[in-house]
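User: I'm new to this one and would like to know how the labels are earned. Could you walk me through it?

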Amino acid sequence: MNGVLAALRHVGALTIDGIWRLGFATRFLVAVLLASGQSLRRIHLTVRELYFSGVLSLLIICVSGLFVGLVLGLQGYDILQRYGSADAVGVMVALSLLRELGPVIAALLFASRAGSAITAEIGLMKATEQLKAMDMMAVDPVARVVAPRFWGGVLSMPLLAALFSAMGVFGGWLITVVVIGVDDGAFWSQMQAAVEIRYDIVNGVIKSFVFGFVVSLIAVFEGYDCHPTAEGVSRAITRTVVTSALVILALDFVLTSFMFRGL
């Protein structure tokens, strides 16, 4: 009986803590949005974070996109050639990347590379009391530190997803046309005929923007809310990566169910 009561108390404590953190995260988001005007007026801060979140993530995004496209091309050709539709491999590669794999995998890589780095940076600033020092000097740490990193991640994520999809399509073309020998004209013409701007490209951009918004919010929140110790910062980084991955996959299902239903 005592064990059951202890388990219920533990579940209740976790539920209360989760509700409290959700409310604090909502208030934190409002504070970031209200402070965004000050940070965007100092455009050099946002540009620096765009470089940190976007440009420094180009290598892993482009290389990963290339190899994903190579694998899609190989697997797609192996399946489609059994049914005499090998020329449609370009359609399969493009739609898979633009609708799903491009935004989702790019967001997962973004959370692992840029999101964890943002959390670590803000968490270390909190552990070394740099945020408190800014507050004492009448400098808003949310406007000076958090908001530029948040908007840098939000703006860079759609661009990274687009580059991932472009490199994936190039990888699919490379393995199927150059290596295997699929007709070049059929590869591109069927892809152009099948891909629609509204349902494929625009929806993929919307997905990547939503993922960038959520991942950036989780990264800055975990860094700002972490315990100011080495162990607290490491746990915040772990929570950023794990929570971002789960939220990305859950949001992908929700967005896909609304965007592509009935097509």
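**How the labels are earned**

User: How do you know that contacts in this chain link residues far apart in sequence?

Analyst: Contact means heavy atoms within 4.5 Å. Among contacts with a separation of 6 or more, 84% are between residues 24 or more positions apart. Before we go on, this is a predicted model, where local features need pLDDT of at least 70, side-chain atom pairs count only at pLDDT 80 or more, and totals for chains, interfaces and linings use all residues. Residues are numbered from 1 along each chain as its sequence is written, and side-chain values use heavy atoms, with hydrogens and water left out.

User: What makes up the chain, helices or strands?

Analyst: There are 9 helices and 0 strands. Helices (H or I, at least four residues) and strands (E, at least two) are DSSP runs, numbered from the N terminus. Written from the N terminus on, the elements read α-α-α-α-α-α-α-α-α. The C-alpha trace spans about 65 × 60 × 35 Å along its principal axes.

User: Why is Leu-109 called buried?

Analyst: Buried means under 20% relative accessible area, exposed means over 50%, and partly exposed is in between (1.4 Å probe, protein chains only). Leu-109 has 18%, so it counts as buried. Leu-109 sits in helix H4, residues 89–127. Leaving aside neighbours within four places in sequence, its contacts are Ile-60, Ile-61, Ser-64, Ala-114 and Phe-164. Leu-109 and Ser-57 are 52 residues apart in sequence, with 8.5 Å from C-alpha to C-alpha. Over the whole chain, 41% of the 263 residues count as buried.

User: And what makes Ser-208 buried?

Analyst: Its relative accessibility is 2%, so Ser-208 gets that label too. Ser-208 belongs to helix H8. Not counting residues up to four places away in sequence, Ser-208 touches Pro-103, Met-157, Pro-158 and Ala-161.

User: How do you know that the length of helix H9 agrees with its number of residues?

Analyst: The expected span is 1.5 Å times one less than the number of residues. Helix H9 (residues 230–259) has 30 residues and should span 44 Å; its end C-alpha atoms are 42 Å apart, so the two agree.

User: Which residues of H9 are buried, and what covers them?

Analyst: The buried ones in H9 are Gly-232, Val-233, Ala-236, Thr-240, Ser-244, Ile-248, Asp-252, Leu-255 and Met-259. Their cover includes H4 and helix H8 (197–225). As a rule of thumb, an α-helix has 3.6 residues a turn, so residues three or four places apart point the same way.

User: How many disulfides are there?

Analyst: A disulfide is a pair of cysteine sulfur atoms within 2.5 Å, and by this rule the count is 0. As for cysteines, Cys-226 is buried, with a relative accessible area of 1%, whereas Cys-62 has 22% and counts as partly exposed.

User: What is the phi of Glu-129 and of Ala-138?

Analyst: Glu-129 has a positive phi of about 65 degrees although it is not a glycine. The loop between H4 and helix H5 (130–136) holds Glu-129. For Ala-138, also not a glycine, phi is positive at about 65 degrees. Ala-138 is in the loop between H5 and helix H6 (141–180).

User: Why do Glu-129 and Ala-138 get their accessibility labels?

Analyst: Glu-129 has 48% relative accessibility, so it counts as partly exposed. Ala-138 has 74%, so it counts as exposed.
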